[in-house]
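This report looks at how helices pack in one protein model, and at two places where the backbone departs from the usual pattern. The sequence and the structure come first.

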Amino acid sequence: MTGVAALALYLPTLAPGVWAHDSGELTAAAYTLGIAHPAGSPLYMLLCKLFMTLVPLGSIAWRANLLSAVAGAAAVAVLSLLFSEEGLPPWVDAGMALMFGWSTTYWSQCLAAEVYTLNFLLLALVLLFLGRHHRRVEPRWLQAAALAWGLLIASYIAYADLTLPILLVW
């Protein structure tokens, strides 16, 4: 439900075309399956190209922007689930996730083609799966966390350096 609420705010404010900063470069690179500036974000390029192909609405740039909104809303939903699994009341976990999803900085990243919302979705999945493994000690959750972490690195290699110390401590 929180993901739907977040997406309901992102869609009317979605950029109609190419936006500032890396948006144009990422859209063009995904459309041509090219390489954007380093680190290239290969997973994002492939997912964005797939999204551009499968979604028959709007311009190519709008479809790339839509991917950011959908990934951002999915990340808010995973964040809400992560909070709920920590035993918080439903209204608290939904409220906290929506406060994050509707914060100015995060919201702005959900409106144009950027890699950050996909990266946050993958990072939230890593934390969700690690939490489940910690509580249930089932190998499948550790395997799911490793897969999500590998996809996160495939999306943006800098997250290997940023997240590895946290994962080692966990």
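A residue is called buried here when its relative accessible area is under 20%, exposed when that area is over 50%, and partly exposed in between. The model is a predicted one, and every statement below refers to that prediction.

**Helix H2 and its neighbours**

By this criterion, the buried residues of helix H2, which spans residues 23-32, are Ser23, Leu26, Thr27, Ala29 and Ala30. These buried residues pack against two helices, namely H3 (42-54) and H4 (60-84).

**Two positive phi angles**

Most residues other than glycine have a negative phi. Against that background, two loop residues deserve attention. Leu33 takes its positive phi just after H2, in the loop that leads from H2 to H3, whereas Val137 is found in the loop between helix H7 (116-136) and helix H8 (139-155). Neither Leu33 nor Val137 is a glycine.

| Residue | Phi | Relative accessibility | Class |
|---|---|---|---|
| Leu33 | about 55° | 48% | partly exposed |
| Val137 | about 45° | 61% | exposed |

Because its relative accessibility is 48%, Leu33 falls into the partly exposed class, while Val137 counts as exposed because its relative accessible area is 61%.

**The contact of H3 with H8**

Two packed helices are described by the angle between their axes and the distance between the axes. For H3 and H8 the angle is about 90°, and the axes lie 5 Å apart. Angles of 65 to 115 degrees count as roughly perpendicular, so H3 is roughly perpendicular to H8. On the H3 side the contact is made by Pro42, Leu43 and Tyr44, and on the H8 side by Leu151, Ala154 and Ser155. Sorted by class, this contact comprises 5 nonpolar residues and 1 polar residue, with no charged residues.

**The largest nonpolar core**

In soluble globular proteins, nonpolar side chains tend to be buried together. Which residues have the most contacts inside the largest nonpolar core of this model? They are Tyr10, Tyr44, Met45, Cys48 and Val76, within a core of 44 residues. The elements that give two or more residues to this core are helix H1 (2-10), H2, H3, H4, helix H5 (90-101), H7 and H8. H4 provides the largest share, with 11 residues. Tyr44 appears in both parts of this account, as one of the H3 residues in the contact with H8 and as one of the residues with the most contacts inside the core.

Technical notes. Residues are numbered from 1 along each chain as its sequence is written. This is a predicted model: local features need pLDDT of at least 70, side-chain atom pairs count only at pLDDT 80 or more; totals for chains, interfaces and linings use all residues. Side-chain values use heavy atoms; hydrogens and water are left out. Buried means under 20% relative accessible area, exposed over 50%, partly exposed in between (1.4 Å probe, protein chains only). Helices (H or I, at least four residues) and strands (E, at least two) are DSSP runs, numbered from the N terminus. Contact means heavy atoms within 4.5 Å. Axes are lines fitted to C-alpha atoms, for helices over the stretch in contact, and angles run from 0 to 180 degrees between N-to-C directions. Angles under 35 degrees count as roughly parallel, over 145 as roughly antiparallel, 65 to 115 as roughly perpendicular and the rest as oblique. Ala, Val, Leu, Ile, Met, Phe, Trp, Tyr, Cys and Pro count as nonpolar, Asp, Glu, Lys and Arg as charged, and the others, Gly among them, as polar. A nonpolar core is a set of buried Ala, Val, Leu, Ile, Met, Phe, Trp, Tyr and Cys residues joined through side-chain atoms within 4.5 Å.
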